[in-house]
Amino acid sequence: MTEVWGSHRRQSTREARQTPGTPCWTSLLAHDLESIKDFYSGLFGWAYYNPGPRRLGPYVRATIDGQDVAGIGGLRPGRRLPTAWTTYLASDDADGTAEGIRSACGTVGVGPLSAEDAGRLVLATDPTGASFGVWQGQRLVGPRLVGAPGTPVRHELVTDRASTVVTFYQALFGYETETAEADGSDYVTLRLDGRPVAAIHGVGTALPPAQGPHWMTSFEVADTDAAARRVTELGGQVLRPPHESPAGRVAAVADPEGAVFTLLRTAC
């Protein structure tokens, strides 16, 4: 059975540095930054401010009630890249983690580099090609509001077979793992200090060829069905309609630029 973590009923602020390997930030790069800001503001009620840095282009932090929850950056003109939400995993030593990625047959694409005084980052891909980030927080250690509607609540690596990549992430962060066996699903829960922090879901031939292996971010919502309808009203697309899952009521959607994410009303 898949263990559920996170709940819209448990809202809290968080500032302590996260255990290495814990998903600690979620960020999106968009072609039309202003339009995408409007989409997510309309969907989640996000407000924005621009704290910098602009080293990689314009960047804003999304907030709820003044608390940081995610980031959105603007791609430089002429860069027509697929857009996707990126999950960042916490590290106490981004440079050391970058070396670990290379040693474990992953690829470092950007960094390690400093984002002014906010922290130090790495952008990388695992051996299957799934992109992820590494974040060594300084002034920004992660989202300050957790568990509320509009905040990231789950991070799941979707791949063809979980066994092809689980050892890579274990080598980086020492995860304890728990495999779902009772229902025959290919699902591995990643744990740190005995608590679930992320998961790897092998979906076999159901993996979208155009998307390939990828980290999926789930955002908490108060009503999955209403949020899915709102996605289409705002110019996005519902890829899989709302349905019940072990985690709660969930829907897979895409924003107007095609970045895929899920809406989740966490099971109580």
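**Close-up 1. E34 and its partner K37 in helix α1.** In this predicted model, E34 is partly exposed, with a relative accessible area of 47%. K37 sits at 15% relative accessibility, so this lysine counts as buried. The two form a salt bridge, and their closest N and O atoms are 3.4 Å apart. How many residues separate E34 and K37 in helix α1? They are 3 residues apart in that helix, which covers residues 33-44, and that puts about one helical turn between them.

**Close-up 2. R230 and E233 in helix α4.** Here's another pair from one helix: R230 and E233 both belong to helix α4, residues 224-233. Being 3 residues apart, they are separated by about one helical turn. Their salt bridge has its closest N and O atoms 3.2 Å apart. Is each partner buried or exposed? R230 is partly exposed, at a relative accessible area of 32%, while E233, at 57% relative accessibility, counts as exposed.

**Close-up 3. R120 meets D95.** This view joins a strand to a helix. R120 and D95 make a salt bridge whose closest N and O atoms are 2.7 Å apart. R120 comes from strand β8 (residues 119-125) and D95 from helix α2 (residues 94-103), so the pair ties together parts that lie 25 residues apart in sequence. As for D95, this residue is partly exposed, with 33% relative accessible area.

**Close-up 4. A network of D225, E244 and R249.** Time to go beyond pairs. Which residues are linked in a network of salt bridges? D225, E244 and R249 are, so look for this trio of side chains together in the view. Stepping back to the whole structure, a search finds 9 salt bridges. As a bit of background, side chains of opposite charge can pair when their charged atoms come close.

**Close-up 5. C24 in strand β2, with L89 alongside.** No salt bridge to look for in this one; the topic is a cysteine and a leucine. C24 is found in strand β2, which runs over residues 23-30. Buried or exposed? At 2% relative accessibility, C24 counts as buried, since the cut-off for that word is under 20% relative accessible area. Now find L89, which is 65 residues away from C24 along the chain. Even with that separation in sequence, the C-alpha atoms of C24 and L89 are 5.7 Å from each other.

Methods. Residues are numbered from 1 along each chain as its sequence is written. This is a predicted model: local features need pLDDT of at least 70, side-chain atom pairs count only at pLDDT 80 or more; totals for chains, interfaces and linings use all residues. Side-chain values use heavy atoms; hydrogens and water are left out. A salt bridge is a side-chain nitrogen of Lys or Arg within 4 Å of a carboxyl oxygen of Asp or Glu. Helices (H or I, at least four residues) and strands (E, at least two) are DSSP runs, numbered from the N terminus. Buried means under 20% relative accessible area, exposed over 50%, partly exposed in between (1.4 Å probe, protein chains only).
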